[in-house]
Each structure stands twice: as C-alpha cells, then as structure tokens.
Amino acid sequence: MSVQEWLIIGLATGGTIFMLISAVGIVRMPGVYARMHAVGKAATLGVSMLLLSAGLFFGTYEAWRMVALIILFFVTAPVATTAMGRAAYRCDPRRDYQLKIDDMSNPRYRPLTVSEISRME
C-alpha cells in the first residue's frame, strides 16, 4: 500500500472516531449546552477528516471540492451552534441553575425583531 492509501485510511479512521466521540457526547453529557459543545467540536473535526479522506481517495479535483466543503462547514457550524444555544437559552426556565455567568440576562440585551431586521436591509 502506498503512503496516500495509508493517509486516506488514517483520516477516515480518525474522522469516524471523532464522530463516535460526538455521538457518545450527545448521549452522556448532562445539559443542552454541554451537548452542543460536544457536537460542535468533535463532529466538525470528524466531518472534516472524512471529507478530506474522500477528496484524497477520489483525486485532485474532488480534493479541492472537499476543501471548499470543509471551509463552508467551518463557517456555518458556529452560526448554527450559536442559534441553537440562544434558542435553548430562551426556552429554558431553569437556566439560573446551569449558568454561573449570564451575559444575556443584561436588561440592555434585546434581540432584534423581524421588522428591525427588515428595516436594516
């Protein structure tokens, strides 16, 4: 086997392991914020490693495509995690017991309404 094949196997195995760690984190972590952290970190690295191994396996053109997908994933994953975190914060009546520092409880913090967002565009 060549070095490239060993690299592909290593990346695919590593990506699979990180995805497994992410799945275990979803099941084992105590709260919604810890679960989102486990998914946000481990799944991002796992998906990136799997995409990179697929790109190396299929050739040069597909490798560039996979790198573009990895960049897109790294840009969109934090936005999605932040949106889910804010939704969990707003829907959780017991948040006083989970957070030591609550930045969003500031009375001056107010999310924009739909009409305010449409006026900005």
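Two residues are in contact here when heavy atoms of theirs lie within 4.5 Å. Keep that in mind as we walk through this predicted model, in which local features need pLDDT of at least 70, side-chain atom pairs count only at pLDDT 80 or more, and totals for chains, interfaces and linings use all residues. Residues are numbered from 1 along each chain as its sequence is written, and side-chain values use heavy atoms, with hydrogens and water left out.

Let us start with the overall plan. The protein has four helices and zero strands, and along the sequence they give the pattern α-α-α-α. Helices (H or I, at least four residues) and strands (E, at least two) are DSSP runs, numbered from the N terminus. Of the 121 residues in the protein, 21% are buried; buried means under 20% relative accessible area, exposed over 50%, and partly exposed in between (1.4 Å probe, protein chains only). Among contacts in the protein with a separation of 6 or more, 53% come from residues 24 or more positions apart.

Now for the way the helices pack. Two packed helices are described by the angle between their axes and the distance between the axes. The axes are lines fitted to C-alpha atoms, for helices over the stretch in contact, and angles run from 0 to 180 degrees between N-to-C directions. Helix α1 (residues 3-28) packs with helix α2 (residues 32-58) at an angle of about 160°, and their axes are 8 Å apart. That makes α1 roughly antiparallel to α2, on a scale where angles under 35 degrees count as roughly parallel, over 145 as roughly antiparallel, 65 to 115 as roughly perpendicular and the rest as oblique. The contact of α1 with α2 has 20 nonpolar, eight polar and one charged residues. For these classes, Ala, Val, Leu, Ile, Met, Phe, Trp, Tyr, Cys and Pro count as nonpolar, Asp, Glu, Lys and Arg as charged, and the others, Gly among them, as polar.

Next along the chain is helix α3 (residues 60-91), whose axis comes within 9 Å of the axis of α2, the two crossing at roughly 170°. That makes α2 roughly antiparallel to α3. In the contact of α2 with α3 there are 20 nonpolar, five polar and one charged residues.

Which residues does Ser48 touch, not counting those up to four places away in sequence? Ser48 sits in helix α2 and touches Ile70 and Phe74. Ser48 counts as buried because its relative accessibility is 8%. Its partner Ile70 belongs to helix α3 and is also buried, with a relative accessible area of 13%. With the same sequence neighbours set aside, Ile70 touches Ser48, Leu51 and Leu52. From Ile70 to Thr44 the C-alpha to C-alpha distance is 8.7 Å, although they are 26 residues apart in sequence.

Met66 is found in helix α3 too, and at 15% relative accessibility it counts as buried. Beyond its neighbours within four places in sequence, Met66 is in contact with Leu51 and Gly55.

Finally, look at the aromatic rings. A search of the whole structure finds one aromatic pair, and Phe57 and Phe58 form it edge-to-face, 5.0 Å centre to centre with 80° between the planes. Rings of Phe, Tyr and Trp (its six-membered ring) pair if their centres lie within 6.5 Å; planes under 30 degrees apart count as stacked, over 60 as edge-to-face and the rest as tilted. Phe57 counts as exposed at 56% relative accessibility, and Phe58 counts as exposed at 54%.
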